[in-house]
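User: Could you take a close look at one part of this model for me? I'd like to zoom in on a single interface and hear what it's made of.

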Amino acid sequence: MSLRHAVLGLLSERPASGYDLMKLFETSLSHVWSATQSQVYGELGKLADAGLVEVAAEGPRGRKEYAITDPGRAELRHWLTETEPTRTRRSDSLLRVFFLGLLTPLEAQTYLLTEAERASRQRAGLEHAEASIEWDDDPLSVHGRLALEYGKRLSAMHEEWARWAAEQLKA
């Protein structure tokens with residue numbers, strides 16, 4: 001996923017200013033794709049230059065509200081339907097598992113249990129986010145809940161696996 005497509009996707013719901021987009025990132029996409037304020041504003045400029053978004057309204061203090069254009073919707077649709085997703089194949093934490101034999105059994109178990117606790121905290125953070133978000137029936141809320149559920153299940157699986165692996169090293 002690229003920042004370009006994240007911004008286009010958010011703007012496909014409704015026009016928004018850069019500030020509004022940052023708030024949407026914080027409440028919806030931050031667990032799957034983070035962005036800084038300077039990245040979002042920079043991307044808005046690039047999207048406008050490419051004709052994928054346009055300034056729909058200007059407010060006080062130079063506030064600009066952006067809207068997706070028809071070519072922007074076409075680009076978003078192309079990305080969703082015709083572009084293969086990038087799947088991360090590297091995992092620093094799993095690479096370390098391959099070399100846990102270089103540690104004492106206690107150090108290896110400690111590493112795995114630390115990973116389990118990290119996954120548990122991540123899941124708790126997602127559950128907190130789920131409880132604090134005002135969900136709606138709009139597409140962003142519906143699909144945001146699907147992505148959030150994926151994160152909760154993935155972190156639960158990671159925690160379960162790490163605890164299991166630590167037990168395997170006891171034997």
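Which domains does the domain assignment give for the protein chain? And once that's settled, please walk me through the place where they touch.

Analyst: Sure. Keep in mind that this is a predicted model. The assignment splits the protein chain into domain 1, covering 2-82, and domain 2, covering 92-170. Going by C-alpha atoms, the centres of domain 1 and domain 2 sit 30 Å apart.

Now for the interface itself. Domain 1 puts six residues in contact with six residues of domain 2. Together, domain 1 and domain 2 bury about 510 Å² between them, and 72% of that area comes from carbon and sulfur atoms. On the domain 1 side, the trio to look at is E13, T27 and H31: these supply 66% of the area that domain 1 buries against domain 2, more than any other three residues.

What about specific polar pairings? The count of salt bridges between domain 1 and domain 2 is zero. Polar contacts come out the same way for residues at pLDDT 80 or more, with zero residue pairs found across the interface of domain 1 and domain 2.

In terms of secondary structure, α1 (3-13) and α2 (18-29) each bring at least two residues to the side of domain 1 that touches domain 2. The largest share of that side belongs to α2, with three residues. Sorted by class, the side of domain 1 facing domain 2 in this contact has two nonpolar, three polar and one charged residues.

Methods:
Residues numbered from 1 in each chain as written. Predicted model: local features only at pLDDT ≥ 70, side-chain atom pairs only at ≥ 80, totals over all residues. Heavy atoms only, no water. Domains from an automatic or database assignment. Contact = heavy atoms within 4.5 Å. Buried area = accessible area lost by both parts, 1.4 Å probe. Salt bridge = Lys/Arg side-chain N within 4 Å of Asp/Glu carboxyl O. Polar contact = N/O pair within 3.5 Å; in protein donor to acceptor, adjacent residues only side chain to side chain. Helix = DSSP H or I, 4+ residues; strand = E, 2+ residues; numbered from the N terminus. Nonpolar A, V, L, I, M, F, W, Y, C, P; charged D, E, K, R; others polar.
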